[in-house]
Amino acid sequence: MRDLLPEAPKKQDWFTQIRNLPVWQGVLVAMPFGLLFIGGAIGGALGALGAVANLRLARTSLAPAAKALSMAGVVVGCVIVYFAVAAALAAVLQGGAPPPFRVRATNSR
């Protein structure tokens, strides 16, 4: 007997979703993964988050110019966050964090 329930649409994997996009959108979706090569695990994690955000933006109904600007903004944002995290970790691990700001009392005569 035939199944009466309709088949659920098969979920596409990442690469199929990227292949179905125009070339310029596919490039912008994959661009955050460049952080993996310069940033190791931290860069890879931030790159994956950026790629997910860009894939979601690519599938919205925004105008192409707005879509391109927002996707480029995600790429730039990922790079800025990566360098901020890397600088903070370097300062903490090397003991180079500056001391807290203190106001010294002076003796006025």
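Hi everyone, let's begin with the overall fold: the protein chain has four helices and zero strands. Reading along the sequence, you get the pattern α-α-α-α. Please keep in mind that this is a predicted model.

How confident is the predictor? The average pLDDT of the protein chain is 82, and 76% of the residues score at least 70. Confidence is lowest in helix H1, residues 14-19, with a mean of 70. Helix H4, residues 64-94, has the highest confidence, at 91. A word of caution for anyone new to this: where pLDDT is low, the predicted coordinates should not be read in detail.

Now a few totals for the protein chain. There are 109 residues, and 24% of them count as buried. The accessible surface comes to about 8,600 Å², and 67% of that belongs to carbon and sulfur atoms. If we take the contacts with a separation of 6 or more, 55% of them are between residues 24 or more positions apart.

Let's look at H4. What span should we expect for its 31 residues? At 1.5 Å a residue, H4 should span 45 Å, and its end C-alpha atoms are 45 Å apart, so the expectation and the model agree. Just after H4 comes Gly 95, which takes a positive phi of about 70°.

Which residues of H4 are buried? They are Lys 67, Met 71, Val 74, Val 75, Cys 78 and Tyr 82. Their cover includes helix H2, residues 23-30, and helix H3, residues 34-58.

Tyr 82 deserves a second look. A search of the whole structure finds one aromatic pair. The rings of Tyr 82 and Phe 83 have centres 5.2 Å apart and planes at 65°; edge-to-face needs an angle over 60 degrees, so this pair is edge-to-face. Are these two residues buried or exposed? Tyr 82 has a relative accessible area of 11%, so it is buried, while Phe 83, at 48%, counts as partly exposed.

Next, the inside of the protein. The largest nonpolar core has 13 residues. Those with the most contacts inside this core are Leu 21, Val 29, Leu 35, Leu 55, Ala 58 and Met 71. Which elements give two or more residues to the core? They are H2, H3 and H4, and the largest share, five residues, comes from H3.

Let me pick out Val 29 from that list. Val 29 sits in helix H2, and its relative accessibility is 0%, so it counts as buried. Leaving aside residues up to four places away in sequence, Val 29 touches Ile 18, Leu 21, Ala 51, Asn 54, Leu 55, Ala 58 and Met 71. We can also look at C-alpha distances: Val 29 and Gly 47 are 18 residues apart in sequence and 9.8 Å apart in space.

From Val 29 we can go over to Leu 57, in helix H3. These two residues are 28 apart in sequence, and their C-alpha atoms are 9.0 Å apart in space. What does Leu 57 touch, again not counting residues up to four places away in sequence? The answer is Leu 62, Lys 67, Ser 70, Met 71 and Val 74. You may recognise Met 71 here, as it is also touched by Val 29 and is one of the buried residues of H4.

Last stop: Arg 59, in the loop between H3 and H4. Is Arg 59 buried or exposed? Its relative accessibility is 59%, so Arg 59 counts as exposed. Arg 59 and Gln 17 are 42 residues apart in sequence, with their C-alpha atoms 9.4 Å apart in space.

To wrap up, this predicted model has four helices, and its largest nonpolar core of 13 residues takes two or more residues from each of H2, H3 and H4. Thanks for listening!

Key. Residues are numbered from 1 along each chain as its sequence is written. This is a predicted model: local features need pLDDT of at least 70, side-chain atom pairs count only at pLDDT 80 or more; totals for chains, interfaces and linings use all residues. Side-chain values use heavy atoms; hydrogens and water are left out. Buried means under 20% relative accessible area, exposed over 50%, partly exposed in between (1.4 Å probe, protein chains only). Contact means heavy atoms within 4.5 Å. Accessible areas come from the Shrake-Rupley method with a 1.4 Å probe; for residues, only the protein chains shown count as cover. pLDDT is the predictor's confidence in each residue, from 0 to 100. The expected span of a helix is 1.5 Å times one less than its number of residues. Rings of Phe, Tyr and Trp (its six-membered ring) pair if their centres lie within 6.5 Å; planes under 30 degrees apart count as stacked, over 60 as edge-to-face and the rest as tilted. A nonpolar core is a set of buried Ala, Val, Leu, Ile, Met, Phe, Trp, Tyr and Cys residues joined through side-chain atoms within 4.5 Å.
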